[in-house]
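Visitor: I am new to this structure and would like a close look at one part of it. Could you take me through the cysteines, and then through what lies around them?

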Amino acid sequence: MFVHEDTLFCKINLNYRHIKIMKNKNFIKQSLPASTLLSANIATAQIPVEQEPHHKILFENEYIRILDLNIAPDDTTLIHTHNAASVVVFLSNSTFGIQDVGEPPVETPVRPGDIIYRAYDEKPVVHTVWNPRKSMFHCLVVELLNHHSAKDNNTIISLPGIKFQWQQKLVTAYKFEVEKGKQCDIPGSALTYLLIDFSGIATVASAGNMQSLQPGDFVFFPPQSKIIINGIDKENAGCVLLVLK
């Protein structure tokens with residue numbers, strides 16, 4: 001059954017904190033009781049995360065897709081779906097609210113460099129996200145698209161200063177700081193790497209190419225990449241390293 005866009009959201013009963021509706025180019029914020037439930041017409045309102053306006057695709061290849069999520073103060077995303085295993089790397093010192101369909105709303109404080117894993121490939125989710133604070137909320141959502149069966153030889157775990165965070169079937173997460181004037185070398189292997197800067201400035205060299213990273217910047221490294229990271233800022237550079245399998 002076709003539902004006209006002007007009446008679409010009138011058919012949605014969802015127990016989340018805020019809904020913002022685009023109409024005549026203005027957002028209308030309305031609150032719904034926490035006891036309300038999702039109606040049978042919610043499927044007509046679902047959009048894939050890559051089509052949700054607050055999520056911008058920054059990078060995509062056969063391994064991953066990276067979405068940049070920015071939410072202004074008191075703003076809310078549209079209802080959207082996730083169905084790929086995802087790593088979320090937080091880049092702002094802020095609080096965000098989230099509500100999955102059928103679950104109560106939750107607000108969580110985060111800091112730059114916090115990392116979480118979500119198995120959306122096993123359990124897809126429909127939700128909305130909002131920013132209840134007066135500062136910008138910013139994170140990267142790294143969707144894991146394919147499993148390449150590369151074996152982790154644990155070389156990275158033994159490198160000084162690199163701290164193991166957690167391991168999942170498709171990805172292992174590390175965090176480390178590069179001190180000013182110091183260098184961190186990551187040896188080449190069959191593994192694929194994603195390096196994300198969350199604080200400070202660093203330079204990264206690999207395969208004869210060098211680039212500077214600032215908070216929010218990232219570099220994807222294919223298998224057999226030898227990586228040299230140097231700290232050049234007045235403070236240490238904080239980085240997240242995702243090892244893709």
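Guide: In this predicted model, cysteine 239 has a relative accessibility of 0%, and it therefore counts as buried, the limit being under 20%. Its sulfur lies 8.4 Å from the closest cysteine sulfur, which belongs to cysteine 184, and because a disulfide needs the two sulfur atoms within 2.5 Å, that is too far for a bond. The count of disulfides by this rule is zero, and cysteine 184, for which the sulfur of cysteine 239 is the nearest cysteine sulfur, is likewise in none. Cysteine 184 also counts as buried, with a relative accessibility of 11%.

From here the view can widen to the nonpolar cores. The largest of these has 24 residues, and the ones with the most contacts inside it are Ile64, Val87, Val142, Leu144, Leu194 and Leu242. Several strands give two or more residues to this core, including strand 5 (64-71), strand 12 (137-144), strand 16 (192-199) and strand 21 (237-244). Apart from that core lies another, of 22 residues, and Cys239 is among them, as are Leu159, Leu195 and Ile229. In soluble globular proteins, nonpolar side chains tend to be buried together. For a single residue of the largest core, one may take isoleucine 64, which, leaving aside its neighbours within four places in sequence, is in contact with Phe59, Val142, Glu143, Leu144, Leu145, Leu194, Phe220 and Leu244.

A polar residue can be buried too: histidine 127, found in strand 11 (residues 125-130), has a relative accessibility of 4% and so counts as buried. Its side chain is joined to that of histidine 82 by a polar contact of 3.2 Å, and among the other residues that histidine 127 touches, not counting those up to four places away in sequence, are Leu78, Ile98 and Tyr120. Aspartate 100 stands opposite histidine 127, and strand 8 (residues 94-100) pairs with strand 11 in the antiparallel sense over four bridges. Both strands belong to an open sheet of five, in the order 3-6-11-8-9, with mixed pairing, and its edges are strand 3 (47-48) and strand 9 (106-110), each of which pairs on one side only.

A word on confidence belongs with this picture. The mean pLDDT of the chain is 82, with 78% of its residues reaching 70 or more, whereas over residues 1-44 pLDDT stays under 50, and for that stretch the model has 64 contacts beyond four places in sequence.

Terms used. Residues are numbered from 1 along each chain as its sequence is written. This is a predicted model: local features need pLDDT of at least 70, side-chain atom pairs count only at pLDDT 80 or more; totals for chains, interfaces and linings use all residues. Side-chain values use heavy atoms; hydrogens and water are left out. Buried means under 20% relative accessible area, exposed over 50%, partly exposed in between (1.4 Å probe, protein chains only). A polar contact is a pair of N or O atoms within 3.5 Å; within protein, one must be able to donate a hydrogen and the other to accept it, and residues adjacent in sequence count only if both atoms are side-chain atoms. Contact means heavy atoms within 4.5 Å. pLDDT is the predictor's confidence in each residue, from 0 to 100. Two strands pair if DSSP finds at least two bridges between them. A nonpolar core is a set of buried Ala, Val, Leu, Ile, Met, Phe, Trp, Tyr and Cys residues joined through side-chain atoms within 4.5 Å.
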